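Student: I'd like to learn how to read a loop and its polar contacts. Could you walk me through one?

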Amino acid sequence: MAGLADNVKETASAPGTNTTFNLGGATAPFVTFASVFANGSTPYFFMMDATQWEAGEATLTHGSPNTLSRTTVLSNSVGTTAKLNFSGTTTVDR
């Protein structure tokens with residue numbers, strides 16, 4: 001079952017259309033996915049940049065760095081369930 005948590009928000013640098021991408025850490029007052037969710041858990045995510053967004057379910061892997069794997073895209077700003085191409089810095093929250 002996918003998880004939700006409050007105040008989780010991190011950055012990711014150019015995740016592209018990759019299924020797995022590195023999380024860049026949180027800035028105050030936000031917290032990281034890894035501080036709230038267990039390794040291997042499946043949190044919901046909402047990723048966006050200046051022009052597009054994507055929402056879905058991911059698998060979190062604790063490490064250096066922590067990673068998210070987009071397992072299911074539920075919706076996005078172009079009306080599909082495809083992984084979008086994020087080329088710049090994005091924010092990823094739950």
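Tutor: Happily! Keep in mind that this model is predicted. Let's begin with Asp49, which sits in the loop joining strand E3 (44-48) to strand E4 (53-61).

Student: Which side chain of opposite charge is nearest to Asp49, and how far away is it?

Tutor: A salt bridge needs the charged atoms within 4 Å. Here the nearest candidate, Arg70, is 9.6 Å away, so buried Asp49 has no salt bridge.

Student: Then which backbone nitrogen atoms does the side chain of Asp49 reach?

Tutor: Look along the loop: the Asp49 side chain reaches the backbone nitrogen of Thr51 at 2.8 Å, and that of Gln52 at 2.8 Å. Beyond its neighbours within four places in sequence, Asp49 is in contact with Phe86, Thr89 and Thr90.

Student: Is Gln52 buried or exposed?

Tutor: The cut-off for buried is under 20% relative accessible area. Gln52 has 15% relative accessibility, so it counts as buried. Gln52 also lies in the loop between E3 and E4.

Student: Which backbone oxygen lies 2.8 Å from a polar atom of the Gln52 side chain?

Tutor: That of Asn85. Setting aside residues up to four places away in sequence, Gln52 touches Asn85 along with Met47, Ser77, Leu84 and Phe86.

Student: And which residues of the largest nonpolar core touch the most other members?

Tutor: Among its 15 residues, they are Phe21, Leu23, Phe33, Leu68 and Val92. E3 and E4 each supply at least two residues of this core. Leaving out residues up to four places away in sequence, Phe21 touches several residues, including Met47, Leu68, Arg70 and Val92.

Key: Residues are numbered from 1 along each chain as its sequence is written. This is a predicted model: local features need pLDDT of at least 70, side-chain atom pairs count only at pLDDT 80 or more; totals for chains, interfaces and linings use all residues. Side-chain values use heavy atoms; hydrogens and water are left out. Helices (H or I, at least four residues) and strands (E, at least two) are DSSP runs, numbered from the N terminus. Buried means under 20% relative accessible area, exposed over 50%, partly exposed in between (1.4 Å probe, protein chains only). Lys and Arg count as positive and Asp and Glu as negative; His and the chain ends are not counted. A polar contact is a pair of N or O atoms within 3.5 Å; within protein, one must be able to donate a hydrogen and the other to accept it, and residues adjacent in sequence count only if both atoms are side-chain atoms. Contact means heavy atoms within 4.5 Å. A nonpolar core is a set of buried Ala, Val, Leu, Ile, Met, Phe, Trp, Tyr and Cys residues joined through side-chain atoms within 4.5 Å.
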